[in-house]
Amino acid sequence: MFIDTHAHLNFPDFASDLPAVLERSRKQGVTRMIVVGAGKGMEGNPEAVELARGTPGIFATVGLHPHEAREFSPAALSELRALLQAPRVVAVGECGLDFYRNLSPRREQFRAFEAQLELALQTGRPVSIHCREAHPETLEVLKRARSGGLRGVIHCFSGGMPEAREYVELNFWLGITGAVTYPRSEKLRGVIREMGLSRLLLETDCPFLTPQPKRGTRNEPAYIPWVAEEIGRILSVPVEEVARVTTENANRLFKLEE
Ligand SMILES: [Zn+2]
């Protein structure tokens, strides 16, 4: 059994064939998925929550992506707080800092990020973090927030060993996507080699980051085994071991039930 801990199944890319996508995933042993509400403005959140409500094995997060930080407001924050009460809504996010695309001004990114960390702390939920070209700033914000028992995942981890160690020390897990299968991802494979399995989670980030064998086409949860196989290859452990430990990690971090 595998868990895809980061899937954008509410994106229009899946509008026409979601039941078939879910069926293929289950056939590959990907029986649980976490649908990320953030990524298409506030309107993506209720969609993710509805998917979780109506589909066994599906869980949701709610939040505002750093690209959308300018949409952040007190009203948005209360809406997120209310949505967190719905069944199988397990985390806040993805939220964070993106200084690569800078689609929202940095000041607004910080404001939305810090408010969502506060929301996660207040509601006792883990947080899913998007960090692109912003590791020093992200670490600084997390260190300020750590007192209250914050925990979460650095989604699509892209840093090196020093950052990986700091995140783990701050009670964070590292999300590994199909990017690990790309020829140029030697640094990420090096981090996995040193870290071992104990802090890793599997993610697709679908429809993006399709593993190498299908690169250039839409990604979907059924391709998670390729991510797991690559991790197994790097660590010289069987894929079953990768599946077992990453599933335990995901169940523990997100407290997935039923
Ligand atoms: Zn994402």
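When I speak of the angle between two helices, I mean the angle between their N-to-C directions, taken from axes that are lines fitted to C-alpha atoms over the stretch in contact, and such an angle can run from 0 to 180 degrees. With that in mind, please look at helix H7, residues 186–195, and helix H8, residues 224–235, which pack at an angle of about 65° with their axes 9 Å apart. I should say straight away that this is a predicted model.

Let me stay with that pair of helices for a moment. The crossing of H7 and H8 is right-handed, and the residues that meet there are Arg189, Ile192 and Arg193 from H7, and Ile231, Ile234 and Leu235 from H8. If we sort the residues of this contact by character, four are nonpolar, two are charged, and none is polar.

Now let us step back to the whole chain. The protein chain has nine helices and eight strands, and its C-alpha trace spans about 45 × 40 × 35 Å along the principal axes. How does the radius of gyration of the protein chain fit with a compact globule? For 258 residues, a compact globule would have a radius of gyration near 18 Å, and the protein chain has 17 Å, so the two agree. Of the 258 residues, 49% count as buried, and among the contacts with a separation of 6 or more, 74% are made by residues 24 or more positions apart.

Next, helix H4, which covers residues 106–123. Its 18 residues, at 1.5 Å each, should span 26 Å, and because its end C-alpha atoms are indeed 26 Å apart, the expected and the computed spans agree. Which residues of H4 are buried? They are Gln109, Ala112, Phe113, Ala115, Gln116, Leu117, Leu119 and Ala120. The elements that cover these buried residues include helix H3 (74–83) and helix H5 (135–145), together with strand E4 (89–98) and strand E5 (127–132). After H4 comes Gly124, which has a positive phi, near 70°.

Strand E4, which we have just met as part of that cover, deserves its own look. Gly93 is found in this strand, and so is Glu94, and the peptide bond from Gly93 to Glu94 is cis, with omega near 0°. Is Gly93 buried or exposed? Gly93 has 29 C-beta neighbours inside 10 Å, so it counts as buried, given that 20 or more are needed for that label. Not counting residues up to four places away in sequence, Gly93 touches Val36, Ala38, Thr61, Gly63, Val127, Ser128 and Ile129. There is also His65, which is 28 residues from Gly93 along the chain, with 7.1 Å between the two C-alpha atoms.

A second cis peptide bond joins Cys206 and Pro207, here with omega about 15°. Pro207 is found in the loop between strand E8 (200–202) and H8, and Leu209 lies in that loop between E8 and H8 as well. Leu209 has a positive phi of about 55° although it is not a glycine, and it is buried, because 20 other C-beta atoms lie within 10 Å.

It is useful to set Glu133 beside Leu209. Glu133, in the loop between E5 and H5, also has a positive phi, near 55°, in a residue other than glycine. What differs is the surroundings: Glu133 has 13 C-beta neighbours inside 10 Å and therefore counts as partly exposed, whereas Leu209 is buried.

I will finish with two residues from other helices. Val21 lies in helix H1, residues 18–27, and with 20 C-beta neighbours inside 10 Å it counts as buried. Leaving aside neighbours within four places in sequence, Val21 is in contact with Phe14 and Glu220, while the C-alpha atoms of Val21 and Ala112, 91 residues apart along the chain, are separated by 32 Å. Pro162, by contrast, has its place in helix H6, residues 161–169, and counts as exposed, because it has 11 C-beta neighbours inside 10 Å. Pro162 and Arg107 are 55 residues apart in sequence, and their C-alpha atoms are 26 Å apart in space.

Key. Residues numbered from 1 in each chain as written. Predicted model: local features only at pLDDT ≥ 70, side-chain atom pairs only at ≥ 80, totals over all residues. Helix = DSSP H or I, 4+ residues; strand = E, 2+ residues; numbered from the N terminus. Rg over C-alpha atoms; globule rule 2.2 N^0.38 Å. Buried ≥ 20, exposed ≤ 12 C-beta atoms within 10 Å, placed from the backbone. Contact = placed C-beta atoms within 7 Å. Expected span 1.5 Å × (residues − 1). Left-handed = near helix turned anticlockwise from the far one by under 90°. Nonpolar A, V, L, I, M, F, W, Y, C, P; charged D, E, K, R; others polar.
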